[in-house]
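Take a look at the structure below. We will walk through it step by step.

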Amino acid sequence: MIDIDLHKYSPQLKIQKNSDGVFIFDIIRKKYLVLQPEEMVRQLMIHYLIDYGYPIEKIQVEKGLHVNGMYRRYDIVIYNAQFEPLILIECKSHKVKIQQAVFDQIAQYNSVMKAPYLIVTNGVQTYCCALDFEKKGIEYLTSIPEPK
């Protein structure tokens with residue numbers, strides 16, 4: 001597990017309340033979204049990634065892909081300099097335990113994306129692993145890869 005304090009990015013979030021509910025601003029998509037627990041974790045993770053040094057233009061949020069004939073949406077992808085997937089990130093609500101089902105989900109998405117790094121987080125627990133496609137191996141890391 002990686003020790004990341006995502007909640008320290010809470011002051012950077014723009015939250016708006018009105019008669020329709022509570023909304024959070026997504027700095028990637030440049031719009032307000034309904035504030036759900038998973039969306040809170042996703043937005044905190046985005047702010048962490050930008051603070052860590054990943055360029056905002058290399059981060060993509062909630063895009064669709066087809067996995068085994070079904071339409072799915074990944075949470076976050078960070079692209080490398082050639083705009084190939086570098087890191088695929090799955091965010092869950094802080095109420096959802098990070099367990100095998102979450103790793104299975106991101107592995108299914110990555111069967112299409114082919115990112116060499118995977119991150120799963122619920123805002124409390126964060127795991128990062130490097131994939132070796134040739135040897136079909138996984139190495140759990142103690143930190144997130146440095147931006148290049």
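**Helices on a sheet**

Helix 1, residues 37-52, lies across strand 4, strand 7, strand 8 (85-91) and strand 9 (117-121). Helix 1 runs at about 145° to strand 8. Keep in mind that this is a predicted model. Helix 2 (residues 100-113) packs on the sheet as well. Helix 2 touches strand 7, strand 8, strand 9, strand 10 (126-132) and strand 11. The direction of helix 2 makes about 150° with that of strand 8.

Now turn to the sheet itself. Strands of a sheet pair through backbone hydrogen bonds, and the pairing can be parallel or antiparallel. Here six strands form an open sheet, and their pairing is mixed. Read across, the order is 4-7-8-9-10-11. Two edge strands, strand 4 (59-61) and strand 11 (137-140), each pair on one side only. From one strand to the next, the twist averages 20°.

Zoom in on one edge. Strand 4 pairs with strand 7 (residues 76-79) in the antiparallel sense, over three bridges. Find Gln60: its bridge partner in strand 7 is Val77.

Next, look for empty space. A probe the size of a water molecule, rolled over the atoms, shows where such space is left. The largest pocket holds about 150 Å³ of space. Which residues lie nearest the centre of the largest pocket? They are Phe103, Ala107, Leu118, Leu131 and Ile138, out of 13 lining residues. Helix 2 gives the largest share of the lining, seven residues. Strand 10 and strand 11, like helix 2, each supply at least two. By class, the lining has nine nonpolar residues, three polar and one charged.

Definitions and conventions. Residues are numbered from 1 along each chain as its sequence is written. This is a predicted model: local features need pLDDT of at least 70, side-chain atom pairs count only at pLDDT 80 or more; totals for chains, interfaces and linings use all residues. Side-chain values use heavy atoms; hydrogens and water are left out. Two strands pair if DSSP finds at least two bridges between them. Helices (H or I, at least four residues) and strands (E, at least two) are DSSP runs, numbered from the N terminus. Axes are lines fitted to C-alpha atoms, for helices over the stretch in contact, and angles run from 0 to 180 degrees between N-to-C directions. Contact means heavy atoms within 4.5 Å. On a 1 Å grid over the protein atoms alone, a cavity is a set of points where a 1.4 Å probe fits but cannot get out, and a pocket is an open set with protein on both sides within 12 Å along at least five of seven lines; lining residues have an atom within 4 Å of a point. Grid points are joined across faces, edges and corners, and a volume is the space filled by probe spheres set on the points. Ala, Val, Leu, Ile, Met, Phe, Trp, Tyr, Cys and Pro count as nonpolar, Asp, Glu, Lys and Arg as charged, and the others, Gly among them, as polar.
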